[in-house]
Amino acid sequence: MCKPNPLKIVDIKSNSNETPKEFLNALTTQGFVFIDGHDFTSKEVNTLFQLSKAFFELPMSYKEQFAKTEGNTGYISFNRENLDPTRKNDFKEGLNISDLNLVTGEPSSEAPVPDWIKEAERYELVTSVIRKFNILTLKLLELLAIGLNIDDTETLKGRDWFVSRYRPDAKSGSTLRFLHYPKLNFDSNPVGEVRAGAHTDYGSMTLLFQKQNQEGLEIFSQISGKWEKVPYIETGKFPGMAPPIVMNIGDLASYWTAGLLKSTIHRVRFESQDEKQSEDRYSIVFFSHPNDETLLEPVPSDLIKSRSKSGVAKDTKYITALQHLHRKLASTYDV
Ligand SMILES: O=C(O)CCC(=O)C(=O)O
Ligand SMILES: [Fe+2]
């Protein structure tokens, strides 16, 4: 039986004039959407999931050598992260790769990336996927700018408004993240254990791959006012390509648009005892951030000018992308 899907699926390849409007509409309502027509093949995404699983199977003593410290790169062990400070810490482990050069897809040489990942074939896959995620983000940001009908100025075409804040030679918070949530074992994980607490994402947009029979992501829908499950969508329109990717708006895009684009609260739950989750959950996430010094000022669009400052940014003065990231990381890791 087909699972209900609260999210629109937008095909970005077929080049319809309606696509920017359709995309914008999904992001001003749910804040989450499925993107079809991306450039990821099934084969490469499957290989990436295999790599992620093999990494998390390495001994804890190895993974802990690359523990995340003051930067955002590194291994994050079980119960270390707390995305919802009102609840218990998250029962998941993760590996962040940050401090990225988005032209080459490589992290800076100081970032504590496990040498296991740096082995030639693995590194080639990881860096090519980072480049692809970034290219997809830029395409989506352009679509968004067209949908928002951002003012054209002499120096800047409106459709480049976001993309011009993504200079590839400048630092940003963009991060590739592998996550692993063990399946529920009611003896060791009593009910109430949280896999990922309710939160919004910190960047401008997030892209996420998940796998069949490993569901658990839920969004707090602004349409229904209820928690709704994000299903796994098996196939898109394009043979040989990975299934539609989950995309959502993060805080920065909400600030930029005075809350028109929704940075929707989401969480990852264990399925209930009845649903008997049979597999661990793995997800692969790309958090896209503009350059660190980018000001979170409103975009010049008539759709935004008519709004009061009612976004996530209740406290503005306009801060920068980096200031926002530092604030959020401090509360997530209690540093
Ligand atoms: O694993 C997931 O499905 C969600 C992960 C997530 O929301 C996050 O890391 O921000
Ligand atoms: Fe998230």
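These notebook entries record what I looked up in a predicted model.

**Entry: the iron site**

I began with the iron ion (ligand 2) and listed its donors. The ion is coordinated by His199 through NE2, Asp201 through OD and His266 through NE2, at 2.1 to 2.2 Å. Written along the sequence, the donor spacing reads H-x1-D-x64-H. I then placed the two histidines in the fold: His199 belongs to strand 8 (residues 196-199) and His266 to strand 13 (residues 266-268), so the pair ties together parts that are 67 residues apart in sequence.

Are these histidines buried or exposed? His199 has a relative accessibility of 11%, and because the limit for buried is under 20%, His199 counts as buried. His266 is likewise buried, at 6%.

**Entry: the largest cavity**

I next searched for enclosed space. The structure holds 2 cavities of 30 Å³ or more, and the largest cavity contains about 360 Å³. Its lining comprises 31 residues, and those nearest the centre are Arg177, His199, Asp201, Val285 and Phe287. I note that His199 and Asp201 in this group are also donors to the iron ion.

Which elements supply at least two residues each to the lining of the largest cavity? I found strand 7, strand 8, strand 9, strand 12 (245-249), strand 13, strand 14 and helix 7 (321-333). By class, this lining divides into 15 nonpolar, 12 polar and 4 charged residues.

**Entry: the largest pocket**

I then turned to the open space. The largest pocket has a volume of about 530 Å³. It is lined by 24 residues, with Glu70, Gly71, Asn72, Asp99 and His326 nearest its centre. The classes here are 8 nonpolar, 9 polar and 7 charged.

**Entry: strand 14**

Val285 and Phe287, listed above for the cavity, led me to strand 14, which spans residues 281-288. I checked burial along the strand: 8 of its 8 residues are buried, so strand 14 is largely enclosed by the rest of the structure. In a regular strand the side chains alternate between the two faces of the sheet. I therefore sorted the residues of strand 14 by side: Arg281, Ser283, Val285 and Phe287 are buried on one side, and Tyr282, Ile284, Phe286 and Ser288 are buried on the other, so both faces are covered.

I looked up the partners of the strand as well. Strand 7 (residues 175-181) pairs with strand 14 in the antiparallel sense over 7 bridges; within this pairing, Thr175 has Phe287 as its bridge partner. Strand 9 also pairs with strand 14 in the antiparallel sense, over 5 bridges, and there Leu207 is partnered by Phe286.

**Entry: the sheet of strands 8, 13, 10 and 11**

The two strands that carry the histidine donors, strand 8 and strand 13, recur in an open sheet. This sheet has 4 strands in the order 8-13-10-11, with antiparallel pairing. Strand 8 and strand 11 (227-229) stand at the edges with a single partner strand each, so one side of each is left without a neighbour in the sheet. From one strand to the next, the twist averages 20°.

I examined the pairing at one end of this order. Strand 10 and strand 11 pair in the antiparallel sense over 3 bridges, and Glu218 stands opposite Lys229 in strand 11.

**Entry: backbone angles and loops**

I looked for residues other than glycine with a positive phi and noted two. Asn213 has phi near 65° and is found in the loop between strand 9 (205-209) and strand 10 (217-220). Ala258 has phi near 50° and is placed in the loop between helix 5 (251-256) and strand 13.

How do their relative accessible areas read? Asn213 is partly exposed at 43%, whereas Ala258 is buried at 9%.

Finally, I recorded one further loop residue. Thr104 lies between strand 5 (100-101) and strand 6 (106-107), and its relative accessibility of 31% makes it partly exposed. Thr104 and Ser128 are 24 residues apart in sequence, and their C-alpha atoms are 7.9 Å apart in space.

Technical notes:
Residues numbered from 1 in each chain as written. Chains lettered and ligands numbered in written order. Predicted model: local features only at pLDDT ≥ 70, side-chain atom pairs only at ≥ 80, totals over all residues. Heavy atoms only, no water. 1 Å grid on protein atoms, 1.4 Å probe; cavity = no way out; pocket = protein on both sides within 12 Å on 5 of 7 lines; lining within 4 Å. Points joined across faces, edges and corners; volume = space filled by probe spheres on them. Nonpolar A, V, L, I, M, F, W, Y, C, P; charged D, E, K, R; others polar. Donors = N, O, S within 2.8 Å, 3.2 Å for Na, K, Ca; no water. Buried < 20%, exposed > 50% of the residue type's maximum accessible area, 1.4 Å probe, protein only. Pairing = 2+ DSSP bridges. Axes fitted to C-alpha atoms, helices over the stretch in contact; angles between N-to-C directions.
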